[in-house]
Amino acid sequence: MNTVTNELAMSRDTGVLGPALLIAGESGDAYDDLLARIRAAVEPADMLEEIWVRDVADLAWEVARLRRIKASLMRACAHEGLSTALRSLEVRNYYVIASRWFAGDAEAARIVDAALAAAGLTIDAVTALTVSERIDEVERIEKMTNAAEERRDGMLRELEGRRAELAARLKLALNEAGTLATASPAAA
Amino acid sequence: MTTEKKRCANQRNARKCTGPCTAAGKARSACNALRHGLARSARLDPGLMRVIATLARAIAGEGASAERLERADRIAAAHVEVMRVRKAKQDLYARARDWDDFTKRLVKLDRYERRALSRRKFAMRRFDAAPAAEGDVWLEHFGKTKPSVVARAKRPQRRIVRCARGRAAWPSGWLRRRVPRRRAFLAERNHASACSGKSLPRTLIRGANRFSDKNMRHLVPPI
């Protein structure tokens, strides 16, 4: 196992907040675009708000990543669901046919289509069986997706609350300044 | 069964194997049980300490007081912890082989991230709630049961007076802890006396276990 290395010191484009942590196949430009759009919408006033903006971008990115991973899991394990379906339909050499179907073999695809059609099933049945085969993994990914979404919403609430408090303080200060100005016009 | 000769040979061989000798070997074996190192504080890493210090200065701003810098340092440390967890997740994505193992490890790392985010959130709130003036430090800790040493030193003496006044009006220690039970006991004893029409023996309420269920059972009148 690798340890967490000291790569946080290497900042790419996000200043002191550390580098954007992307994985293979992800576009750095797309991340930068997302971060820029969020930053433009929020217009962070200080470093704390910069941290929140960065977190909102990271968490939104993570939610998208987890959804993509779930879809990849379903695609990568489709042959397991198909194998279960063919076994239930008592197709001979069901495991080999499922593996060949997964590899894109035309003959295996024909056999699979015929077997499913004969039983009145569609590819949705294969998807459902795949989910049932990998329900634990799907559940964990769903749980993490929900957690990331909740955290993202929590960041926005913190930001909103902080700004509301700041606005209230500013309003109070302005009122006090207005009271002072009306009390002593010369001072104003 | 192991023979004596074999046992002696094993002992001789075991004496030769005393672990790694070189510094590199010792350093490597020291990391045998290390999985991701996230349970260890980021402050123990000199490289991350520099990152924390830089971030803390950026959060606190120019010319910040030592106290403000200390609060900013907590936020920075928590943020670096968050980034460490995300880096560990990134490493996990890169070397994932088995879906089951991958998702389990990801869930475990998620717990570290949740804790680090929670620490950072409260550090941010404390940073925002920091007093504007130096003399208002005690206000921040008002109502807390365990205020910091700084706040205790700077707080007015009014609270101490109130404690002294309260101590005189309310029993403390052993008696304070047992007053509710004592009241319940007396209420039941009075009720039992009234029902049975005779006074109960005083021996029942003497001794260390006079409030135990065994003794209380005698006080309940027979139906």
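User: Two residues are in contact if their C-beta atoms, placed from the backbone, lie within 7 Å. Leaving aside neighbours within four places in sequence, which residues does Ala56(B) contact?

Analyst: This is a predicted model: local features need pLDDT (the predictor's confidence in each residue, from 0 to 100) of at least 70, side-chain atom pairs count only at 80 or more, and totals for chains, interfaces and linings use all residues. Residues are numbered from 1 along each chain as written, with chains lettered from A and ligands numbered from 1 in written order. With neighbours within four places set aside, the partners of Ala56(B) are Leu69(B), Ala72(B), Asp73(B) and Ala76(B).

User: Which helix gives the most residues to the largest nonpolar core?

Analyst: A nonpolar core joins buried Ala, Val, Leu, Ile, Met, Phe, Trp, Tyr and Cys residues through C-beta atoms within 7 Å; buried means 20 or more other C-beta atoms within 10 Å, exposed 12 or fewer, partly exposed in between, with C-beta atoms placed from the backbone. The largest has 45 residues, and Ala56(B) is among those with the most contacts inside it. Helices (DSSP runs of H or I, at least four residues, numbered from the N terminus) supplying at least two residues include H1 (28-42) of chain A and H3 (46-60) of chain B. With 11 residues, the top contributor is H2(A).

User: Where is confidence lowest in chain B?

Analyst: Chain B averages a pLDDT of 74. Its highest-confidence element is H5 (residues 99-128), at a mean of 91. Where pLDDT is low, the predicted coordinates should not be read in detail. At a mean of 45, the lowest is helix H8 (residues 158-169) of chain B.
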